[in-house]
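Colleague: Could we go through this model together, one contact at a time, with the reasoning spelled out for each answer?

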Amino acid sequence: MSSFPGRMKEYSTISIDRFDKENLHARAYFLSHCHKDHMKGLKGPLLKRKLKFCLTVRLYCSIVTKELLLSNRKYAFWEEHIVALELDSPTHISLIDEVTGESEDVVVTLLPAGHCPGSVMFLFEGAQGTVLYTGDFRLAVGDAARMEHLHSGDRVKDIKSVYLDTTFYDPRFYQIPSREACLIGIKELIQDWISQSPYHVVWLNCKAAYGYEYLFTNLGEEFASQVHVNSLDMYRKMPEILSYVTTNRATQIHACRHPKDEELFRANRLPCGCTSPDGTPLRIISIKPSTMWFGERTRKTKVIVRMGGSSYRACFSFHSSYSEIKDFLSYICPVNIYPNVIPLARTVEEVTELLKPMCRKNSGRNEVVYKPLGMLKRARTEYPSQDEEGELLNSKPSVLPARHSSGDNPPTQSCLQSDKPCSEMVTPHSHSDPPSPKKAPPTWATFFKAEPVLTDESSELDNSQSSQALSTYHTTSQSPELFDEDDESESVHMTSSQSTHISDGGTETPSQLDTVPVQAELDSAAQSSKQNKIQTNQKPENDPHRPIEKEPAVRKDQSEGTDCTEAMSDSQVSSDFDLPQTPGSKAPHNDELKELYKKLASGEEVPKTIITATTKTSLSPFLLFFQRPRMTGGKMSGSIDLH
DNA sequence: GCGATCAGCT
DNA sequence: CACAGCTGATCGC
């Protein structure tokens with residue numbers, strides 16, 4: 001849970017993710033994502049009153065976050081005061097004190113955070129330096145390198161401070177299986193179950209928070225079905241989610257909720273009360289997404305754990321693991337790091353101490369002095385040749401050429417170096433894209449093609465329709481290979497806020513649980529990405545300004561341990577959806593951007609306008625709900641003068 | 001009656 | 001154990 005007080009040292013006239021107390025006086029507000037612990041005070045009457053008198057105060061957030069926020073009536077009063085910004089679009093904001101008329105300029109850029117739909121990090125650039133507020137994030141190893149706006153031309157930006165999601169910044173949480181690996185495990189479990197008969201249904205025991213949509217869309221795609229949820233209201237303008245969820249109970253995959261859903265489940269009932277039309281009892285299993293983590297040297301990781309009876313837990317994390325956070329930090333190498341979260345059983349002092357080695361002055365670099373722009377070049381790296389056997393490891397530089405869409409552009413040529421506009425070079429799913437799971441995640445096209453398998457007319461399970469699943473998918477019992485005993489002595493953990501009640505009898509103690517770890521065959525996740533024989537080293541030797549060159553094929557030892565390559569390989573593939581670029585989006589203007597950076601660097605004034613993102617009702621911005629970081633050029637949107 | 005806070009629980 | 005958030009009790013305005 002975030003304990004960030006709302007204000008950063010460098011830009012103290014703005015408030016982020018906190019809206020109470022001193023934050024009531026802020027000149028501008030920022031919301032990184034739509035989770036309640038980041039919205040404290042946001043519906044408070046004090047703030048509501050302030051908006052009536054303060055004409056220039058705005059709330060800045062992503063387009064998806066705006067949509068989610070306004071879908072809740074309690075926040076409807078924000079409607080006229082929200083400025084929704086597009087991702088990767090540097091936006092100039094004037095921070096005006098309405099009493100004194102005093103003004104400060106800042107340029108903010110939203111970076112995808114991979115935490116939940118609409119979640120972003122905020123990159124602020126201005127007179128007080130470049131500062132990154134991460135909000136909550138789940139980024140994979142190497143993702144920072146894909147973020148254009150963490151770079152200035154060929155260089156990694158010189159970042160003064162990072163306000164960091166430290167939820168799992170603790171060596172205990174060294175490794176968390178990638179999203180892809182978790183998804184594969186969940187898909188296998190579900191398939192093995194629902195293919196047995198139309199009466200075999202799955203209940204995804206998800207908590208009341210955004211972030212599980214990733215599961216719904218992928219499962220909907222995988223099983224050509226829709227997931228039953230309580231409400232579609234919040235997704236009404238997000239077709240890419242909407243097409244995979246339904247309020248029709250006649251489906252084999254449920255994520256519906258009820259105040260007493262656990263109790264109902266123990267009585268073999270779904271939260272929605274759905275039964276089969278002919279009275280045949282449903283066979284229900286519950287899958288509870290839970291965070292699981294593994295030690296530094298754990299080789300195999302199980303992403304599904306059977307809790308006994310028909311309860312399972314599936315690995316699922318909204319936050320980056322320790323090694324993912326370290327990778328992120330070592331890439332951007334900030335001067336200061338401030339924790340936003342204090343992990344359980346730790347103190348601020350302990351976390352601060354753990355973060356010290358990642359700060360620039362302790363990172364082994366010579367340069368300590370903060371400069372607005374880095375001086376060392378970020379070189380381009382050729383994408384390793386594709387090969388079925390190799391593993392893509394720590395491929396920070398190697399992911400860059402994924403943007404090349406045609407043979408016209410030599411693989412070593414970056415977007416920024418190209419004469420062509422970036423938009424021409426950014427083609428999703430190009431042949432040189434980074435490895436993707438065996439089944440492509442939902443894409444732009446499918447959002448419009450997807451036809452609901454089931455109609456809303458029926459509220460009961462329909463045999464003829466459900467039996468499609470039976471004929472489509474091979475019927476197996478729970479395949480033995482899934483249930484690989486945990487032969488590792490290495491600590492393996494999982495958690496859930498859920499009590500450990502067991503469905504049958506509930507007499508077991510945790511140690512007595514019929515715990516059947518399922519080998520997630522992370523290998524199978526990795527296999528889909530084993531396209532590179534060359535293992536590219538990912539670490540820039542703790543120097544963000546050091547030239548990024550082709551890395552040696554063999555990874556050098558890391559301080560962390562002896563066998564982190566395997567762990568890293570998993571993390572490496574954990575990137576999110578690879579969604580297509582928003583159709584119709586403008587071509588980036590790198591020249592314009594560079595000019596802006598130059599001005600910022602020299603302390604020159606930049607125009608006092610507020611550049612807002614489009615508020616068009618087009619559905620395309622919602623594609624960005626889980627956008628994988630990718631190198632795109634910046635673009636400036638239209639501008640509105642506040643005065 | 002409403003908001004803030006906390007304990008308990010999922 | 002841990003994610004996010006609900007419900008209910010209590011207290012103060």
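**Charged pairs, sheet and rings**

Modeller: Asp143 and Arg146 meet in a salt bridge whose closest N and O atoms are 2.8 Å apart, and I should say at the outset that this is a predicted model.

Colleague: In which helix do Asp143 and Arg146 both lie?

Modeller: Asp143 is buried at a relative accessible area of 2%, and Arg146 is buried as well, at 4%. The two residues are three apart, about one turn of the helix, and the element that holds them both is helix H3 (residues 143–146).

Colleague: How many salt bridges does the structure hold?

Modeller: Side chains of opposite charge can pair when their charged atoms come close. Arg27, Asp97 and Glu102, for instance, are linked in a network of such bridges. For the structure, the number of salt bridges is 13.

Colleague: Which parts of the chain does the salt bridge between Glu67 and Arg236 tie together, and how many residues apart are they in sequence?

Modeller: The side chains of Glu67 and Arg236 meet with an N to O distance of 3.8 Å. Glu67 lies in helix H2, whereas Arg236 lies in the loop between strand S13 (227–228) and helix H6 (239–242), so the pair ties together parts whose separation in sequence is 169 residues.

Colleague: Is Arg236 buried, partly exposed or exposed?

Modeller: Its partner Glu67 has a relative accessible area of 9% and is therefore buried, the cut-off for that class being under 20%. Arg236 has a relative accessible area of 46%, and since exposed would require over 50%, Arg236 is partly exposed.

Colleague: Which residue forms a salt bridge with Glu125?

Modeller: The closest N and O atoms of this pair are 3.1 Å apart. The pair links distant parts of the chain, with Glu125 in strand S7 (residues 120–126) and its partner 32 residues apart from it, in the loop between strand S10 (155–156) and S11. Glu125 is buried, with a relative accessible area of 4%, and the partner is buried too, at 1%. That partner is Lys157.

Colleague: Turning to the sheet, in what order do its four strands lie?

Modeller: Strands of a sheet pair through backbone hydrogen bonds, either parallel or antiparallel. Here the sheet is open and the pairing is parallel. S1 and strand S4 (82–85) each pair on one side only and are therefore the edge strands. Neighbouring strands are turned by 25° against each other on average, direction ignored, and the order is S1-S2-S3-S4.

Colleague: What angle does the direction of helix H2 make with that of S3?

Modeller: S3 and S4 pair in the parallel sense over four bridges, and the bridge partner of Ser62 in S4 is Leu85. Helix H2 (residues 63–70) packs on the sheet and touches both S3 and S4, its direction making with that of S3 an angle of about 110°.

Colleague: How many aromatic pairs are there, and which parts of the chain does the one between Phe4 and Tyr163 tie together?

Modeller: A search of the whole structure finds 20 aromatic pairs. Phe4 and Tyr163 form an edge-to-face pair, 5.7 Å centre to centre with 70° between the planes. Phe4 lies in the segment before strand S1 (14–16) and Tyr163 in strand S11 (residues 161–164), so the parts tied together are 159 residues apart in sequence.

Colleague: Are Phe4 and Tyr163 buried or exposed?

Modeller: Phe4 has a relative accessibility of 4%, and Tyr163 has one of 3%. Because the class in question requires under 20%, Phe4 counts as buried, and Tyr163 likewise counts as buried.

Colleague: Which class of aromatic pair do Phe30 and Tyr60 form?

Modeller: Phe30 in strand S2 (residues 28–30) and Tyr60 in strand S3 (residues 59–62) are 30 residues apart, and both are buried. Together with Tyr11, Phe122 and Phe124 they form one aromatic cluster. Their ring centres are 5.1 Å apart and their planes lie at 25°, so the pair is stacked.

Colleague: How many of the 10 residues of helix H5 are buried?

Modeller: Helix H5 (residues 213–222) is mostly covered, and its buried residues include Tyr214, Leu215 and Phe216. The charged end of Arg179 sits over the ring of Tyr214, 5.3 Å from its centre. For H5, the number of buried residues is nine.

Notes:
Residues numbered from 1 in each chain as written. Chains lettered and ligands numbered in written order. Predicted model: local features only at pLDDT ≥ 70, side-chain atom pairs only at ≥ 80, totals over all residues. Heavy atoms only, no water. Phe/Tyr/Trp six-rings, centres within 6.5 Å; stacked < 30°, edge-to-face > 60°. Buried < 20%, exposed > 50% of the residue type's maximum accessible area, 1.4 Å probe, protein only. Lys NZ or Arg CZ within 6 Å of the ring centre and 35° of its normal. Pairing = 2+ DSSP bridges. Axes fitted to C-alpha atoms, helices over the stretch in contact; angles between N-to-C directions. Contact = heavy atoms within 4.5 Å. Salt bridge = Lys/Arg side-chain N within 4 Å of Asp/Glu carboxyl O.
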